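Here are my notes on the model you sent over, as numbered points. Have the viewer open while you read.

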Amino acid sequence: EAGEYTMKMHPMWQGPLVAPGGNRQSPIDIRVRKSVFDPHLKPLTPDYDPRTCSQIWNNGYSFLVEYDDTTDKSTLKGGPLEDNFRLCQFHFHWGESNAWGSEHTVDRRLFPAELHMVHWNSDKYSRFEEAVMEENGLAVIGVFLKIGKRHEGLQKLVDVLPAVRHKDSVVEFTRFDPACLLPTNIDDYWTYAGSLTTPPLTEAVTWIIMKQHIEVSHDQLAVFRSLLFTSAEEEVQKSMVNNFRVQQSLQGRTVRSSFT
Ligand SMILES: NS(=O)(=O)c1ccc(O)c(NC(=O)NCCc2ccccn2)c1
Ligand SMILES: [Zn+2]
């Protein structure tokens, strides 16, 4: 049952469980029957150029695959978004076991991991650091991962993870097409106004959570768990697992769905 698992959180992150004064915090449980179909929601149109992929690094909380966001080469439009958003990075959250790990849940259902593809509003702001402080600054696509068949596209990423085992390690990583991590159906999603799920917890995010999950193999996810929260110098090494935040209250927000 979800309750007993969601209390586990990032052991290194002694941050606030709830942002002081926050009324649109993330993650949340998506109550399917309480979501409201919005016929005006448009199809989502991601348009990514794999050549903008630059590096992968361990920031001590997750591993991030970073994209060159100095031009409008990898963008996201449509769906609930009014403006053009630029892809800057993607990362994951996962558990120590396959029983939990996702940040969002669907009717309390937990998934072993969750992908976040992070974009910032390049129509209104000139860089991520600026957009992250503004309420229409970010758009994050969330995709649930399930254990099943091996994900061929993910393997290129899994193969390089040992090179970023420790916090602050970075390696060059190029020509990775993030679109390969999206589910086949991206027309069915939930969307709501929320926040970053890690500090600075700013309430800047339009969340777009895909209804359809992707599958990765048990062994692929096991490699995520071989990463460490700690840097090479630290004497006690801590496995990078359970790097998800506890769920936050909806506080009157409506979750819209693009499907009936
Ligand atoms: N998890 S999330 O909401 O998609 C998200 C997206 C973009 C972000 O920059 C962040 N947060 C982030 O990068 N925080 C700086 C690093 C960090 C991560 C965790 C705790 C403290 N500091 C979270
Ligand atoms: Zn995240």
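1. Start with proline 27, in the loop between helix H1 (2-6) and strand S1 (29-30). In this predicted model, the peptide bond from serine 26 to proline 27 is cis, with omega at about 0°. Most peptide bonds are trans, and that makes this loop a good place to begin looking.

2. A second cis bond links proline 199 and proline 200, and here omega is about 10°. Proline 200 belongs to the loop that runs between strand S12 (189-194) and strand S13 (205-210). Keep proline 199 in mind, since it comes back with the ligand: it is listed among the closest residues to ligand 1.

3. Next, two backbone angles. Asparagine 242 has a positive phi of about 55°, though it is not a glycine, and glutamine 251, also not a glycine, has a positive phi of about 50°. Most residues other than glycine have a negative phi. Asparagine 242 lies in the loop between helix H4 (218-224) and strand S15 (256-257), and glutamine 251 is in the loop between H4 and S15 too.

4. Are those two residues buried or exposed, or something in between? Asparagine 242 has a relative accessibility of 7%, so it counts as buried, the cut-off being under 20%. Glutamine 251 comes out at 46%, which lies between the 20% and 50% limits, so it counts as partly exposed.

5. Now the ligand. Which residues come closest to ligand 1? Its surroundings comprise 14 residues, and the closest are Tyr61, Leu196, Thr197, Thr198 and Pro199. Among strands, S7 (85-94) and S9 (113-121) each supply at least two residues of this shell. S7 gives the most, with three residues.

6. For the polar contacts, check three distances. A polar side-chain atom of threonine 198 is 2.7 Å from a nitrogen atom of ligand 1. Proline 199 contributes through its backbone: one of its N or O atoms is 2.8 Å from a nitrogen atom of ligand 1. Histidine 116 places a polar side-chain atom 3.3 Å from an oxygen atom of the ligand. As for cover, ligand 1 taken alone exposes 520 Å², and the protein buries 83% of that. The ligand sits in the largest pocket.

7. On to the strands on either side of the proline 200 loop. S12 is mostly covered, with five of its six residues buried, and S13 is mostly covered as well, again with five of six buried. The two run antiparallel and are joined by six bridges. Within that pairing, glycine 194 has valine 205 of S13 as its bridge partner, and threonine 191 stands opposite isoleucine 208.

8. What else do S12 and S13 pair with? S13 pairs with strand S10 (residues 138-147) in the parallel sense, over five bridges. There, isoleucine 208 is the bridge partner of isoleucine 141, so to speak of isoleucine 208 is to speak of a residue with a partner in S10 and one opposite it at threonine 191. S12, for its part, pairs antiparallel with S15 over two bridges. Threonine 191 stands opposite arginine 256 in S15, in addition to facing isoleucine 208 in S13.

9. Last, two neighbours in strand S5 (residues 63-67): leucine 64 and valine 65. Leucine 64 counts as buried because its relative accessibility is 8%, under the 20% cut-off. Valine 65 has 0% relative accessibility, so it counts as buried too. In a regular strand the side chains alternate between the two faces of the sheet.

10. The same pair gives two C-alpha distances to try in the viewer. Leucine 64 and glutamine 89 are 25 residues apart along the chain, and their C-alpha atoms are separated by 6.2 Å. For valine 65 and tryptophan 94, the sequence separation is 29 residues and the C-alpha to C-alpha distance is 16 Å.

Methods:
Residues are numbered from 1 along each chain as its sequence is written. Chains are lettered from A and ligands numbered from 1 in the order in which they are written. This is a predicted model: local features need pLDDT of at least 70, side-chain atom pairs count only at pLDDT 80 or more; totals for chains, interfaces and linings use all residues. Side-chain values use heavy atoms; hydrogens and water are left out. Helices (H or I, at least four residues) and strands (E, at least two) are DSSP runs, numbered from the N terminus. Buried means under 20% relative accessible area, exposed over 50%, partly exposed in between (1.4 Å probe, protein chains only). A residue is near a molecule or strand if one of its heavy atoms lies within 4 Å of it. A polar contact is a pair of N or O atoms within 3.5 Å; within protein, one must be able to donate a hydrogen and the other to accept it, and residues adjacent in sequence count only if both atoms are side-chain atoms. Accessible areas come from the Shrake-Rupley method with a 1.4 Å probe; for residues, only the protein chains shown count as cover. On a 1 Å grid over the protein atoms alone, a cavity is a set of points where a 1.4 Å probe fits but cannot get out, and a pocket is an open set with protein on both sides within 12 Å along at least five of seven lines; lining residues have an atom within 4 Å of a point. A molecule sits in a cavity or pocket if more than half of its atoms lie within 2 Å of its grid points.
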